[in-house]
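Welcome! Let us take a look together at the aromatic rings of this protein and what surrounds them.

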Amino acid sequence: MGAIALLVAGGLWSLSYYLPLSSIMEQWKDVNTYVEQTQLYSSGYEERLNSLAIDSSVTLAAKAPGTVILVIGESASRNYMKAYTPSFYYEDTPWLSSQMQNPNFILFRNAYASWSQTVPVLQRALTEQSQYNGKEFFESASILDVAKKAGYETWWFSNQGRYGQYDSAITLVAKTADHAEWTDDSYEFTSKYDDALLPFLTRLDPTKNNFVVLHVMGSHIYYNNRYPSEYSVFQTPEGESTVTSAASYANSILYTDHILSEVFAYAQKHLNLQAMFYFSDHGEDLKISHNPDVFSFEMVRIPMWVYLSPAYQQALPGRTKALRAHAGEYFTNDMLYDTLCGLLNAPSQRYQPYQDFASPSYAYNRENLTTMLGQRRLTEDMTDMQGQPLQQVDVQASTP
(Lines give C-alpha, C1' and ligand atoms only; values in the text may rest on other atoms or scores of the structure.)
Protein backbone atom coordinates (compact mmCIF):
# COMPACT_ATOMS: atom_id res chain seq x y z
CA MET A 1 0.00 0.00 0.00
CA GLY A 2 1.42 3.42 -0.96
CA ALA A 3 2.15 6.19 1.51
CA ILE A 4 -0.82 8.33 0.47
CA ALA A 5 -3.17 5.37 0.67
CA LEU A 6 -1.85 4.58 4.13
CA LEU A 7 -2.41 8.16 5.21
CA VAL A 8 -5.96 8.16 3.94
CA ALA A 9 -6.70 4.74 5.41
CA GLY A 10 -5.38 5.90 8.76
CA GLY A 11 -7.36 9.08 8.44
CA LEU A 12 -10.58 7.23 7.71
CA TRP A 13 -10.05 5.08 10.80
CA SER A 14 -9.34 8.10 12.99
CA LEU A 15 -12.12 10.21 11.50
CA SER A 16 -14.63 7.55 12.52
CA TYR A 17 -14.11 8.95 16.03
CA TYR A 18 -15.37 12.32 14.90
CA LEU A 19 -18.39 11.93 12.77
CA PRO A 20 -21.65 10.01 12.58
CA LEU A 21 -21.94 7.74 9.59
CA SER A 22 -22.46 9.69 6.40
CA SER A 23 -22.20 9.08 2.70
CA ILE A 24 -18.93 7.59 1.44
CA MET A 25 -18.14 10.67 -0.66
CA GLU A 26 -18.74 13.07 2.22
CA GLN A 27 -16.61 11.00 4.55
CA TRP A 28 -13.84 10.66 1.97
CA LYS A 29 -13.76 14.45 1.55
CA ASP A 30 -13.57 14.93 5.30
CA VAL A 31 -10.78 12.36 5.55
CA ASN A 32 -8.70 14.19 2.94
CA THR A 33 -9.15 17.47 4.81
CA TYR A 34 -8.30 15.83 8.13
CA VAL A 35 -5.15 14.17 6.73
CA GLU A 36 -3.94 17.43 5.22
CA GLN A 37 -4.51 19.39 8.40
CA THR A 38 -2.96 16.85 10.76
CA GLN A 39 0.17 16.64 8.62
CA LEU A 40 0.53 20.41 9.06
CA TYR A 41 1.00 19.70 12.77
CA SER A 42 4.28 17.92 12.04
CA SER A 43 5.52 20.31 9.36
CA GLY A 44 5.09 23.33 11.65
CA TYR A 45 6.32 21.67 14.82
CA GLU A 46 9.83 23.10 15.11
CA GLU A 47 8.65 26.63 14.43
CA ARG A 48 5.95 26.36 17.13
CA LEU A 49 8.36 24.88 19.65
CA ASN A 50 11.01 27.51 19.01
CA SER A 51 8.46 30.30 19.34
CA LEU A 52 7.22 29.09 22.73
CA ALA A 53 8.52 31.59 25.29
CA ILE A 54 8.66 30.25 28.88
CA ASP A 55 10.77 31.61 31.72
CA SER A 56 12.34 28.39 32.97
CA SER A 57 13.62 30.09 36.12
CA VAL A 58 10.12 30.28 37.64
CA THR A 59 8.72 26.90 36.63
CA LEU A 60 7.97 23.99 38.92
CA ALA A 61 11.11 22.25 37.60
CA ALA A 62 13.19 25.13 38.93
CA LYS A 63 11.33 25.63 42.21
CA ALA A 64 10.73 21.96 43.11
CA PRO A 65 12.79 19.66 40.86
CA GLY A 66 11.51 16.14 40.30
CA THR A 67 8.97 14.12 38.35
CA VAL A 68 5.48 15.03 37.15
CA ILE A 69 3.21 12.25 35.89
CA LEU A 70 0.08 12.63 33.76
CA VAL A 71 -2.08 9.51 33.49
CA ILE A 72 -4.68 9.43 30.72
CA GLY A 73 -7.54 7.10 31.63
CA GLU A 74 -9.82 5.35 29.18
CA SER A 75 -13.64 5.09 29.36
CA ALA A 76 -13.68 5.70 33.12
CA SER A 77 -16.93 7.16 34.42
CA ARG A 78 -17.21 8.73 37.87
CA ASN A 79 -20.78 7.41 37.95
CA TYR A 80 -19.37 3.92 38.50
CA MET A 81 -16.53 4.69 40.90
CA LYS A 82 -17.11 4.29 44.62
CA ALA A 83 -14.86 7.24 45.48
CA TYR A 84 -17.10 9.54 43.46
CA THR A 85 -20.43 7.78 43.87
CA PRO A 86 -20.82 6.33 47.38
CA SER A 87 -24.10 4.67 46.41
CA PHE A 88 -22.42 2.59 43.68
CA TYR A 89 -22.82 -1.07 44.56
CA TYR A 90 -19.21 -2.17 44.01
CA GLU A 91 -16.20 -1.14 46.14
CA ASP A 92 -14.06 -0.59 43.05
CA THR A 93 -11.77 2.28 44.14
CA PRO A 94 -10.20 1.20 47.46
CA TRP A 95 -6.92 3.03 46.88
CA LEU A 96 -8.46 6.28 45.60
CA SER A 97 -11.06 6.21 48.37
CA SER A 98 -8.25 5.91 50.93
CA GLN A 99 -6.48 8.91 49.40
CA MET A 100 -9.54 11.09 49.90
CA GLN A 101 -8.28 11.48 53.49
CA ASN A 102 -4.83 12.51 52.24
CA PRO A 103 -4.52 16.31 52.24
CA ASN A 104 -2.12 16.11 49.30
CA PHE A 105 -4.86 14.74 46.99
CA ILE A 106 -7.59 16.83 45.39
CA LEU A 107 -10.56 15.11 43.72
CA PHE A 108 -12.43 17.21 41.18
CA ARG A 109 -16.12 16.40 41.44
CA ASN A 110 -17.55 17.96 38.29
CA ALA A 111 -15.20 17.24 35.40
CA TYR A 112 -16.59 16.42 31.95
CA ALA A 113 -15.14 15.28 28.63
CA SER A 114 -15.37 17.56 25.61
CA TRP A 115 -16.56 14.65 23.43
CA SER A 116 -17.42 11.00 23.95
CA GLN A 117 -14.53 9.41 22.01
CA THR A 118 -10.78 9.36 22.41
CA VAL A 119 -9.17 11.10 19.43
CA PRO A 120 -11.13 14.38 19.38
CA VAL A 121 -10.89 14.58 23.17
CA LEU A 122 -7.14 14.10 23.46
CA GLN A 123 -6.18 16.29 20.52
CA ARG A 124 -7.76 19.09 22.54
CA ALA A 125 -6.78 18.02 26.05
CA LEU A 126 -3.11 17.80 25.09
CA THR A 127 -2.93 21.00 23.04
CA GLU A 128 -4.07 24.61 23.01
CA GLN A 129 -7.17 23.72 20.98
CA SER A 130 -10.42 23.79 22.95
CA GLN A 131 -14.14 24.21 22.39
CA TYR A 132 -13.85 27.81 23.51
CA ASN A 133 -10.88 29.40 21.77
CA GLY A 134 -11.31 28.68 18.05
CA LYS A 135 -7.76 27.35 17.65
CA GLU A 136 -6.89 24.54 15.26
CA PHE A 137 -4.98 21.44 16.26
CA PHE A 138 -2.32 21.85 13.59
CA GLU A 139 -1.37 25.33 14.82
CA SER A 140 -1.36 24.49 18.55
CA ALA A 141 1.46 23.82 20.98
CA SER A 142 1.17 20.73 23.17
CA ILE A 143 1.75 20.09 26.84
CA LEU A 144 4.88 18.13 25.86
CA ASP A 145 6.22 21.28 24.19
CA VAL A 146 5.51 23.26 27.34
CA ALA A 147 7.16 20.64 29.56
CA LYS A 148 10.30 20.68 27.41
CA LYS A 149 10.58 24.45 27.59
CA ALA A 150 9.84 24.33 31.33
CA GLY A 151 12.92 22.19 31.97
CA TYR A 152 11.66 18.59 31.77
CA GLU A 153 12.79 15.52 29.88
CA THR A 154 9.59 14.21 28.33
CA TRP A 155 8.35 10.63 28.16
CA TRP A 156 5.26 9.06 26.56
CA PHE A 157 4.36 5.45 27.34
CA SER A 158 1.15 3.99 25.93
CA ASN A 159 -0.76 0.75 26.29
CA GLN A 160 -3.06 1.71 23.44
CA GLY A 161 -2.14 0.43 19.98
CA ARG A 162 -0.91 2.96 17.44
CA TYR A 163 -4.26 3.11 15.72
CA GLY A 164 -4.29 5.61 12.90
CA GLN A 165 -0.52 6.04 13.25
CA TYR A 166 -0.21 7.92 10.02
CA ASP A 167 -2.31 10.87 11.04
CA SER A 168 -3.81 10.30 14.50
CA ALA A 169 -3.56 13.51 16.47
CA ILE A 170 -2.64 11.51 19.57
CA THR A 171 0.28 9.78 17.86
CA LEU A 172 1.53 13.03 16.35
CA VAL A 173 1.68 14.60 19.80
CA ALA A 174 3.16 11.48 21.42
CA LYS A 175 6.02 11.26 18.93
CA THR A 176 7.22 14.75 19.88
CA ALA A 177 8.24 13.47 23.34
CA ASP A 178 11.95 12.95 23.94
CA HIS A 179 11.09 9.28 24.42
CA ALA A 180 7.90 7.63 23.12
CA GLU A 181 7.12 3.92 23.33
CA TRP A 182 4.09 1.69 23.01
CA THR A 183 3.60 -1.67 24.69
CA ASP A 184 2.21 -2.93 21.38
CA ASP A 185 3.42 -1.66 18.02
CA SER A 186 0.41 -3.01 16.14
CA TYR A 187 -2.29 -0.71 14.83
CA GLU A 188 -5.05 -2.41 16.77
CA PHE A 189 -6.19 -2.42 20.36
CA THR A 190 -3.65 -4.16 22.56
CA SER A 191 -4.39 -7.35 24.48
CA LYS A 192 -1.85 -6.43 27.15
CA TYR A 193 -2.92 -5.37 30.60
CA ASP A 194 -1.95 -1.95 31.89
CA ASP A 195 0.70 -3.34 34.22
CA ALA A 196 2.82 -3.60 31.07
CA LEU A 197 3.41 0.14 31.53
CA LEU A 198 4.99 -0.17 34.96
CA PRO A 199 8.47 -1.36 33.86
CA PHE A 200 8.84 1.78 31.73
CA LEU A 201 9.09 3.86 34.90
CA THR A 202 12.36 2.17 35.82
CA ARG A 203 14.01 3.83 32.81
CA LEU A 204 13.67 7.30 34.30
CA ASP A 205 16.62 8.97 35.96
CA PRO A 206 15.39 10.12 39.39
CA THR A 207 18.00 12.88 39.50
CA LYS A 208 16.42 14.60 36.49
CA ASN A 209 13.25 16.57 35.93
CA ASN A 210 10.88 14.15 34.19
CA PHE A 211 7.48 14.80 32.66
CA VAL A 212 5.77 11.46 32.00
CA VAL A 213 2.54 10.65 30.17
CA LEU A 214 1.04 7.20 30.74
CA HIS A 215 -1.85 6.30 28.41
CA VAL A 216 -3.71 3.33 29.85
CA MET A 217 -6.25 0.96 28.29
CA GLY A 218 -8.41 1.34 31.38
CA SER A 219 -12.02 0.33 30.89
CA HIS A 220 -12.28 0.27 27.12
CA ILE A 221 -14.97 -2.09 25.96
CA TYR A 222 -14.92 -5.08 26.24
CA TYR A 223 -14.53 -4.67 29.96
CA ASN A 224 -13.73 -8.29 30.82
CA ASN A 225 -10.62 -8.08 28.58
CA ARG A 226 -9.03 -5.27 30.60
CA TYR A 227 -7.93 -7.05 33.77
CA PRO A 228 -6.21 -10.30 34.78
CA SER A 229 -8.20 -13.11 36.36
CA GLU A 230 -7.21 -12.20 39.92
CA TYR A 231 -9.18 -8.97 39.50
CA SER A 232 -12.43 -10.79 38.71
CA VAL A 233 -13.58 -9.77 42.17
CA PHE A 234 -17.15 -8.80 41.32
CA GLN A 235 -19.24 -11.53 39.75
CA THR A 236 -21.64 -10.98 36.88
CA PRO A 237 -25.19 -12.06 37.77
CA GLU A 238 -26.38 -15.22 36.05
CA GLY A 239 -27.91 -14.48 32.68
CA GLU A 240 -25.84 -11.30 32.03
CA SER A 241 -22.91 -11.12 29.65
CA THR A 242 -19.52 -10.72 31.33
CA VAL A 243 -18.41 -8.69 28.31
CA THR A 244 -20.43 -5.58 29.16
CA SER A 245 -21.79 -6.15 32.67
CA ALA A 246 -21.54 -3.61 35.48
CA ALA A 247 -19.55 -6.17 37.47
CA SER A 248 -16.96 -6.52 34.69
CA TYR A 249 -16.78 -2.76 34.33
CA ALA A 250 -16.26 -2.42 38.09
CA ASN A 251 -13.46 -5.00 37.89
CA SER A 252 -11.76 -2.92 35.20
CA ILE A 253 -12.03 0.18 37.40
CA LEU A 254 -10.67 -1.82 40.35
CA TYR A 255 -7.69 -2.85 38.23
CA THR A 256 -7.07 0.73 37.12
CA ASP A 257 -7.20 1.77 40.77
CA HIS A 258 -4.47 -0.79 41.44
CA ILE A 259 -2.33 0.44 38.52
CA LEU A 260 -2.62 4.03 39.72
CA SER A 261 -1.59 2.99 43.21
CA GLU A 262 1.47 1.19 41.80
CA VAL A 263 2.49 4.17 39.66
CA PHE A 264 2.09 6.51 42.61
CA ALA A 265 3.96 4.30 45.07
CA TYR A 266 6.91 3.74 42.72
CA ALA A 267 7.17 7.38 41.68
CA GLN A 268 6.93 8.63 45.23
CA LYS A 269 9.62 6.22 46.43
CA HIS A 270 12.00 6.31 43.46
CA LEU A 271 11.33 9.34 41.22
CA ASN A 272 10.99 12.33 43.53
CA LEU A 273 7.33 12.72 42.56
CA GLN A 274 6.15 16.33 42.73
CA ALA A 275 2.74 16.02 41.05
CA MET A 276 0.54 13.30 39.57
CA PHE A 277 -2.54 14.19 37.53
CA TYR A 278 -5.19 11.69 36.39
CA PHE A 279 -8.17 12.20 34.12
CA SER A 280 -10.22 10.02 31.79
CA ASP A 281 -10.61 10.80 28.11
CA HIS A 282 -14.38 10.23 28.33
CA GLY A 283 -16.90 8.29 30.38
CA GLU A 284 -19.10 5.31 29.63
CA ASP A 285 -22.78 4.48 29.48
CA LEU A 286 -22.93 0.82 30.47
CA LYS A 287 -25.98 0.24 28.28
CA ILE A 288 -24.70 1.84 25.07
CA SER A 289 -20.96 2.42 25.62
CA HIS A 290 -19.91 5.87 24.31
CA ASN A 291 -21.34 6.20 20.82
CA PRO A 292 -22.00 9.93 20.17
CA ASP A 293 -24.95 9.09 17.91
CA VAL A 294 -26.91 7.95 20.99
CA PHE A 295 -25.47 10.44 23.45
CA SER A 296 -26.08 10.44 27.19
CA PHE A 297 -24.29 12.53 29.80
CA GLU A 298 -22.89 9.38 31.39
CA MET A 299 -20.55 9.25 28.39
CA VAL A 300 -18.88 12.51 29.38
CA ARG A 301 -18.87 12.50 33.21
CA ILE A 302 -15.25 11.75 34.05
CA PRO A 303 -13.02 11.33 37.10
CA MET A 304 -10.15 13.78 37.56
CA TRP A 305 -7.75 14.24 40.46
CA VAL A 306 -4.32 15.58 41.31
CA TYR A 307 -1.64 14.78 43.86
CA LEU A 308 0.62 17.65 44.97
CA SER A 309 3.68 16.88 47.05
CA PRO A 310 4.44 18.94 50.18
CA ALA A 311 7.39 20.42 48.26
CA TYR A 312 5.04 21.42 45.42
CA GLN A 313 2.65 23.09 47.82
CA GLN A 314 5.44 25.03 49.48
CA ALA A 315 6.93 26.11 46.15
CA LEU A 316 3.63 27.08 44.49
CA PRO A 317 1.09 27.98 47.20
CA GLY A 318 -1.00 30.06 44.80
CA ARG A 319 -1.44 27.18 42.37
CA THR A 320 -2.25 24.84 45.24
CA LYS A 321 -4.86 27.22 46.64
CA ALA A 322 -6.54 27.62 43.23
CA LEU A 323 -6.74 23.87 42.64
CA ARG A 324 -8.25 23.30 46.07
CA ALA A 325 -10.75 26.09 45.53
CA HIS A 326 -11.89 24.48 42.27
CA ALA A 327 -12.47 20.97 43.66
CA GLY A 328 -16.23 21.36 43.32
CA GLU A 329 -16.26 23.61 40.26
CA TYR A 330 -17.15 22.56 36.71
CA PHE A 331 -14.52 21.81 34.07
CA THR A 332 -14.20 20.21 30.63
CA ASN A 333 -11.05 18.34 29.77
CA ASP A 334 -10.28 20.26 26.58
CA MET A 335 -8.89 22.91 28.97
CA LEU A 336 -6.33 20.47 30.37
CA TYR A 337 -3.47 22.00 28.36
CA ASP A 338 -3.85 25.35 30.11
CA THR A 339 -4.36 23.64 33.47
CA LEU A 340 -1.10 21.70 33.07
CA CYS A 341 0.65 24.91 32.03
CA GLY A 342 -0.57 26.28 35.34
CA LEU A 343 0.38 23.14 37.25
CA LEU A 344 3.95 23.46 35.90
CA ASN A 345 3.89 27.23 36.52
CA ALA A 346 4.86 27.70 32.89
CA PRO A 347 2.77 30.47 31.33
CA SER A 348 3.60 31.68 27.84
CA GLN A 349 2.05 33.53 24.93
CA ARG A 350 0.32 30.20 24.22
CA TYR A 351 -1.46 30.05 27.57
CA GLN A 352 -4.93 31.26 28.58
CA PRO A 353 -5.30 31.65 32.35
CA TYR A 354 -9.10 31.76 32.20
CA GLN A 355 -9.00 28.12 31.00
CA ASP A 356 -6.59 27.08 33.77
CA PHE A 357 -8.09 25.22 36.75
CA ALA A 358 -4.84 25.97 38.61
CA SER A 359 -5.35 29.71 38.27
CA PRO A 360 -7.53 32.12 40.26
CA SER A 361 -8.43 33.60 36.87
CA TYR A 362 -10.32 30.46 35.80
CA ALA A 363 -13.54 31.86 34.35
CA TYR A 364 -15.87 28.96 33.55
CA ASN A 365 -18.81 27.41 35.37
CA ARG A 366 -21.73 25.09 34.70
CA GLU A 367 -23.62 27.90 32.99
CA ASN A 368 -21.09 28.61 30.25
CA LEU A 369 -19.46 25.21 29.68
CA THR A 370 -20.33 22.81 26.88
CA THR A 371 -19.58 19.26 25.81
CA MET A 372 -19.80 17.36 22.52
CA LEU A 373 -17.71 20.12 20.93
CA GLY A 374 -20.25 22.77 21.78
CA GLN A 375 -23.36 20.83 20.83
CA ARG A 376 -24.57 20.27 24.40
CA ARG A 377 -24.50 22.63 27.38
CA LEU A 378 -23.65 21.27 30.81
CA THR A 379 -26.85 22.85 32.08
CA GLU A 380 -28.66 20.12 30.13
CA ASP A 381 -27.21 17.52 32.51
CA MET A 382 -30.11 17.59 34.93
CA THR A 383 -29.21 14.67 37.22
CA ASP A 384 -26.34 14.08 39.59
CA MET A 385 -24.25 10.90 39.75
CA GLN A 386 -26.96 9.15 41.75
CA GLY A 387 -29.58 10.06 39.14
CA GLN A 388 -31.16 12.69 41.39
CA PRO A 389 -32.26 16.07 39.97
CA LEU A 390 -29.62 18.76 40.27
CA GLN A 391 -30.42 21.88 42.20
CA GLN A 392 -30.62 24.79 39.83
CA VAL A 393 -28.08 27.54 40.45
CA ASP A 394 -29.16 31.06 39.69
CA VAL A 395 -26.00 32.21 37.93
CA GLN A 396 -26.04 34.20 34.73
CA ALA A 397 -24.06 32.63 31.92
CA SER A 398 -21.04 34.63 30.85
CA THR A 399 -18.29 34.21 28.33
CA PRO A 400 -14.75 35.09 29.38
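## An edge-to-face pair

A good place to begin is Y89, which counts as exposed at 68% relative accessibility. Please keep in mind that this is a predicted model. The ring of Y89 pairs with that of Y90, and the two meet edge-to-face: their centres are 5.0 Å apart, with 85° between the planes. Y90 itself counts as buried, with a relative accessibility of 13%. So this pair joins an exposed residue, Y89, to a buried one, Y90, whose 13% falls under the 20% cut-off.

## A stacked pair across the chain

In total, the model holds 30 aromatic pairs. One of them is formed by Y41 and F137, whose rings are stacked at 4.5 Å centre to centre, with an angle of 10° between the planes. Where do the two residues of this pair sit in the chain? Y41 belongs to helix α2 (residues 24–43), while F137 lies in the loop between α6 (118–125) and α7 (143–149). The pair therefore links distant parts of the chain, 96 residues apart.

Are these two rings buried or exposed? Y41 is buried, with a relative accessible area of 0%, and F137 is buried too, at 5%.

## A cluster of rings

Aromatic residues also gather in a group here. One cluster is made up of F108, Y132, F277, F331, Y354, F357, Y362 and Y364.

## Charges over rings

Finally, have a look at two arginines. R78 lies over the face of Y112, 4.8 Å from the ring centre. R109 lies over the face of Y84, at 5.5 Å from the centre of that ring.

Notes:
Residues numbered from 1 in each chain as written. Predicted model: local features only at pLDDT ≥ 70, side-chain atom pairs only at ≥ 80, totals over all residues. Heavy atoms only, no water. Phe/Tyr/Trp six-rings, centres within 6.5 Å; stacked < 30°, edge-to-face > 60°. Helix = DSSP H or I, 4+ residues; strand = E, 2+ residues; numbered from the N terminus. Buried < 20%, exposed > 50% of the residue type's maximum accessible area, 1.4 Å probe, protein only. Lys NZ or Arg CZ within 6 Å of the ring centre and 35° of its normal.
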